[in-house]
Amino acid sequence: IFSAGSGETSLVALFSPAAEVRQDAIASASGGNLLARWQHTTGEGSDIQIKAYFDRTNRADIQGGETRDTFDIDYIQHARILDHQDLTWGLGARVSPSNFLQTSPGVNFLPHKQTDTVYSGFLQYELPIVRDKLTLTAGSKLEHNNFSGFEYEPSVRLLWTPTEHQSFWAAVTRAVRTPSRQDQDVVLDIFAGNFNLGTPPSPIPVYFEIQGNPTARAEQLIGYGVGYRT
């Protein structure tokens, strides 16, 4: 359980009067969480683990506030199969309802209430090609979320340990960055200033509005890595 406050300074666009003002305030945050974990050994090198948690967060500052509850559960099973081959797989689900609190006229998220969901599964297989010397690990995570839909993240890694004190590795991985409400749902108004556009001169306030893209897709990355450790 926690409660905190932090000082902040921000520029906020106002509509009446038309201006961009600097505001100093104290941002407040509070919340807490509860975690439960159960683990059971089913055999030599094999086990099952179930983890569940509930998390509650509240935050309010100059540009907005949010109250969010998160419910999460994960199931992981690790099994030793055949001759020193490891198979690990799991399933997970996360449901997170939130409510945005508008504290500034120039910053908003629409809709205010939204429930984020993530359903995932993964599979990893570890194969010793040469016992205690060369190991191949391959697997993938599969996920469905409410921001970008279905995503997959495979990975392949090769580890070579010529001695007990040296190791070489190489890997290829596909990763994604899932969009957030900041990418899809934000509405941000920026005050550009008062401009004289007519005759006689009449100051006219000019604003720019930035809107999120509801169809924003996940960023994708193909990563290649090599390394040596001693």
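**View 1. Tyrosine 228, a partly exposed ring in a predicted model.** In this predicted model, tyrosine 228 comes out at 44% relative accessibility, so it counts as partly exposed, the class between 20% and 50%. Its ring pairs with that of phenylalanine 168, with 4.6 Å from centre to centre and 40° between the planes, and the pair is tilted. Phenylalanine 168 belongs to strand S10 (residues 166-177) and tyrosine 228 to strand S13, so this contact ties together parts that are 60 residues apart in sequence.

**View 2. Phenylalanine 168 with tryptophan 160.** Phenylalanine 168 shows up again here, this time with the ring of tryptophan 160. The two centres are 5.2 Å apart and the planes meet at 25°, so this pair is stacked; the cut-off for that is under 30 degrees. As for accessibility, phenylalanine 168 has a relative accessible area of 31% and is partly exposed. Tryptophan 160 is partly exposed too, with a value of 43%.

**View 3. An aromatic cluster.** Phe15, Phe191 and Tyr207 come together as one aromatic cluster. Searching the whole structure turns up 7 aromatic pairs.

**View 4. Arginines over rings.** Two spots to zoom in on here: arginine 157 has its charged end over the ring of tryptophan 169, 5.1 Å from the ring centre. Over at tyrosine 152, the charged end of arginine 174 sits above the ring, 4.0 Å from its centre.

**View 5. The open sheet and its edges.** Pulling back a bit, 10 strands make up an open sheet with antiparallel pairing. Reading across, the order goes S1-S2-S3-S4-S5-S7-S8-S9-S10-S13. Strand S1 (2-15) and strand S13 (219-229) are the edge strands, and each has a single partner, so one side of each is left without a neighbour in the sheet. On average, neighbouring strands in this sheet are turned by 15° against each other, ignoring direction.

**View 6. Strands S4 and S5 side by side.** Strand S4 (residues 64-81) and strand S5 (residues 85-101) run antiparallel and are joined by 15 bridges. For a handy spot to start looking, find isoleucine 81, which stands opposite glutamine 85 in S5.

Note on methods
Residues are numbered from 1 along each chain as its sequence is written. This is a predicted model: local features need pLDDT of at least 70, side-chain atom pairs count only at pLDDT 80 or more; totals for chains, interfaces and linings use all residues. Side-chain values use heavy atoms; hydrogens and water are left out. Two strands pair if DSSP finds at least two bridges between them. Helices (H or I, at least four residues) and strands (E, at least two) are DSSP runs, numbered from the N terminus. Axes are lines fitted to C-alpha atoms, for helices over the stretch in contact, and angles run from 0 to 180 degrees between N-to-C directions. Rings of Phe, Tyr and Trp (its six-membered ring) pair if their centres lie within 6.5 Å; planes under 30 degrees apart count as stacked, over 60 as edge-to-face and the rest as tilted. Buried means under 20% relative accessible area, exposed over 50%, partly exposed in between (1.4 Å probe, protein chains only). A charge sits over a ring if NZ of Lys or CZ of Arg is within 6 Å of the ring centre and within 35 degrees of the ring normal.
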